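User: Hello! I am new to this structure and would like a close look at a single part of it, with some of its surroundings. Could you walk me through it in plain words?

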Amino acid sequence: MTQMSTQMNMVQAINDALRLEMRRDPRVIVLGEDVGKVGGVFRVTQGLWDEFGDERVVDTPLSEGGIVGTAIGMALYGLVPVPEIQFADFIYPAYDQIVSELAKLRWRSGGEYPAKLVLRTPVGGGIRGGLYHSQSPESLFIHVSGLKVVCPSNPRDAKGLLLASIRDPDPVLFFEPKRIYRAAKGEVPEGDFTVPLGKAAVVREGEHVTVLAWGAMLYEAIAAADEAGKQGIRCEIVDLRTLWPVDIDTIVASAKKTGRVVVVHEAPKTCGFGAELVALVNEHAFERLEAPPARVCGFDTPFPFTLELEYLPLAQRILPAIVQTARY
Amino acid sequence: VAVLSVVRQARALAAAGQGATLVEAVLPGTDGPDPLARMRRLVESRGLWSEDRDRRLREEVAGDVSRAIDEARATPPPARSTLFDDVYAEKAWHLREEESSAG
C-alpha cells in the first residue's frame with residue numbers, strides 16, 4: 001500500500017510528529033516556556049494544548065534548569081517527556097542537568113534507571129536573531145558520553161527522526177534548524193513512519209569531493225556544489241541527519257570513494273564537530289585521501305547580528321574550499 | 001527549638017490577622033553551640049532518648065558500616081569490558097571501537 005503524503009514545512013512536520021506520538025503513547029509529555037496556550041514561539045506545538053490539555057502540554061516558568069530537571073524526574077518515573085528549550089542559546093542553565101544527570105543516569109545505575117527524554121530546541125542563525133538566538137552548540141553535547149544528537153534538514157526527516165528519537169531508549173537532543181523552519185518544504189508521509197537514528201543520507205552522488213553537512217547549511221553545500229559542477233567538479237553531498245553517534249560507515253565509504261572531504265557547519269571552527277569528523281576521516285580513510293580534509297565553519301567569535309551573513313559558511317565560502325580541495 | 005518557638009509565635013500572629021513577621025535566624029558558626037548536642041539534651045530530658053539507647057544505636061551503625069566496607073573490599077573489581085556497558089542502551093560503534101582497542 002502506498003503511504004499518502006502531504007506538503008509540509010518543518011514546523012508542521014514536527015507538530016505532526018508530536019501530535020501523532022502523543023495520540024499513540026500516553027506517556028509522552030510536552031513541556032517548556034510558552035509551549036501550551038501560545039503554541040511555542042515558532043508555533044511548533046500549536047494545537048497540542050487544546051487536544052491534550054495542561055497535564056500533557058505544560059507551560060513552565062522561565063527556568064531551563066527546572067524544565068530539564070523536571071523532565072528527568074518524569075522520565076525516571078516512566079513518562080516520556082519532550083521538553084523544549086525555546087532557543088538553544090538558552091540551554092546553558094540546563095547544561096548541568098543534561099551533562100551531570102541525564103547523560104549519565106543509565107551508566108551510573110548499571111542500566112537500572114535510564115532517563116529517556118527528547119529535548120527539542122531551535123538552533124542556528126540566519127534569522128537576524130543576534131548572538132543569543134543564533135548559536136549551534138551541538139559539539140558541547142556530542143562530547144558528553146551518553147547523549148544522542150540529531151539535526152534534520154527537511155520536513156520528512158524532521159518527522160521521521162523525531163518519531164524515531166521519541167521511541168529510542170536513550171536521551172536525544174533534537175536540534176531544529178530555525179532558518180529553514182518554514183523555508184524547507186516537502187512531501188511528508190501521513191501517519192506513522194520513522195527515519196532511523198545513526199543513518200546519514202547521501203543526497204547527491206559524485207566522485208570528486210565529499211561534502212559533509214547538516215541542518216540549514218546542507219542547502220548552502222548544495223548551492224556550492226551546483227556552482228562547482230559548472231567547473232566540472234562533481235560533489236557527493238552527505239546529510240549527516242544524526243550527528244552522534246554519527247554514521248561512520250557512510251562517511252568513510254564516501255571519503256574513500258572521492259579521497260577529498262569538505263566539512264561545513266555553522267558552529268565556530270575550533271573544537272566544532274568538523275574537527276571530530278576530520279579526525280575520523282583521517283583515522284579511517286587516510287591512505288585513500290588525495291587532499292587534506294577542509295573545514296568551512298562559523299568563525300571563532302560570538303555570533304554577530306549585523307554581520308551574520310559574513311559569519312555563516314554560506315555557499316560563496318564553501319565553493320572555494322571545494323575547488324581548492326578538488327585541485328589539491 | 002528556638003526556631004520552632006519563634007515561628008510558632010509568628011504563625012499565631014499571622015493567623016490572628018496581625019500580618020507578616022520577619023524572622024532573623026542567626027545560625028551558629030563552627031565555634032558556636034552544637035545544635036545536635038543541644039537537641040540530644042532536650043530529647044533525653046523528656047525521656048525520649050537515653051545514654052544506653054544512644055550507645056546501642058552507635059554500635060549497630062558502626063557494625064553496618066564496617067560490614068559494608070568488608071563486603072566492598074571482598075568484591076572483585078568489575079571486568080574492564082563493563083566500562084563500555086550502559087553508556088547507551090545498545091553499544092554504539094565508537095564504544096565498540098574503543099573497547100576493542102583497549103585490548
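Analyst: A word on names before we begin: helices, of at least four residues, and strands, of at least two, are DSSP runs numbered from the N terminus. Strand E13 of chain A, for example, covers residues 261-268, and A:Glu266 lies in it. Please keep in mind that this is a predicted model.

Let us take A:Glu266 as our starting point. Is A:Glu266 buried or exposed? A:Glu266 counts as buried, because its relative accessibility is 10% and the cut-off for buried is under 20%. What does the side chain of A:Glu266 have beside it? One of its polar atoms lies 2.8 Å from the backbone nitrogen of A:Gly125. Setting aside residues up to four places away in sequence, A:Glu266 touches a long list of residues, including A:Gly124, A:Gly125, A:Ser134 and A:Ser136. Also among them are A:Ala216, A:Met217, A:Phe303 and A:Tyr311. A:Leu314 is 48 residues from A:Glu266 along the chain, and the C-alpha atoms of these two residues are separated by 9.0 Å.

From here we can step to A:Phe273, which has its place in helix H10 of chain A. A:Phe273 has a relative accessible area of 2% and is therefore buried. Leaving out residues up to four places away in sequence, its contacts are A:Ser139, A:Ile142, A:Trp214, A:Leu240, A:Leu243, A:Trp244, A:Val246 and A:His265. A:His143 is 130 residues away from A:Phe273 along the chain, with 9.0 Å between the two C-alpha atoms.

A:Trp244, one of the residues that A:Phe273 touches, leads us to the meeting place of the two chains. Here 17 residues of chain A are in contact with 10 residues of chain B. The two chains bury about 1100 Å² between them, and 63% of that is on carbon and sulfur atoms. Which residues of chain A lose the most area to chain B? They are A:Arg106, A:Trp107 and A:Trp244, which together make up 40% of what that side buries.

Now for the helices on the chain A side. Helix H5 (105-108) and helix H10 (273-285) each supply at least two residues of the side that touches chain B. H10(A) gives the most, with three residues. By kind, the residues of this side divide into eight nonpolar, five polar and four charged. How many salt bridges does the rule find across the interface? It finds zero salt bridges between chain A and chain B. The count of residue pairs in polar contact between the chains, however, is eight, with both residues at pLDDT 80 or more.

One place to look at is B:His94, in helix H4 (residues 93-101) of chain B. B:His94 counts as buried because its relative accessibility is 11%. Its side chain makes a polar contact with the side chain of A:Trp244, at 3.4 Å. Apart from residues up to four places away in sequence, B:His94 touches A:Trp244, A:Pro245 and B:Tyr88.

A:Pro245 deserves a pause of its own. It lies in the loop between strand E12 (242-244) and helix H9 (248-258) of chain A. Is the peptide bond from A:Trp244 to A:Pro245 cis or trans? The bond is cis, with omega near -5°. For background, most peptide bonds are trans, and most residues other than glycine have a negative phi.

That second point brings us to B:Asp86, in the loop between helix H3 (51-74) and H4 of chain B. B:Asp86 has a positive phi of about 70° although it is not a glycine. At 26% relative accessibility, B:Asp86 counts as partly exposed. In chain A, A:Arg128 also has a positive phi, near 55°, and is a residue other than glycine. A:Arg128 is found in the loop between strand E5 (118-123) and helix H6 (138-142). With a relative accessible area of 53%, A:Arg128 is exposed.

How values were computed:
Residues are numbered from 1 along each chain as its sequence is written. Chains are lettered from A and ligands numbered from 1 in the order in which they are written. Side-chain values use heavy atoms; hydrogens and water are left out. Contact means heavy atoms within 4.5 Å. Buried area is the accessible area (1.4 Å probe) that two parts lose on being put together, summed over both. A salt bridge is a side-chain nitrogen of Lys or Arg within 4 Å of a carboxyl oxygen of Asp or Glu. A polar contact is a pair of N or O atoms within 3.5 Å; within protein, one must be able to donate a hydrogen and the other to accept it, and residues adjacent in sequence count only if both atoms are side-chain atoms. Ala, Val, Leu, Ile, Met, Phe, Trp, Tyr, Cys and Pro count as nonpolar, Asp, Glu, Lys and Arg as charged, and the others, Gly among them, as polar. Buried means under 20% relative accessible area, exposed over 50%, partly exposed in between (1.4 Å probe, protein chains only).
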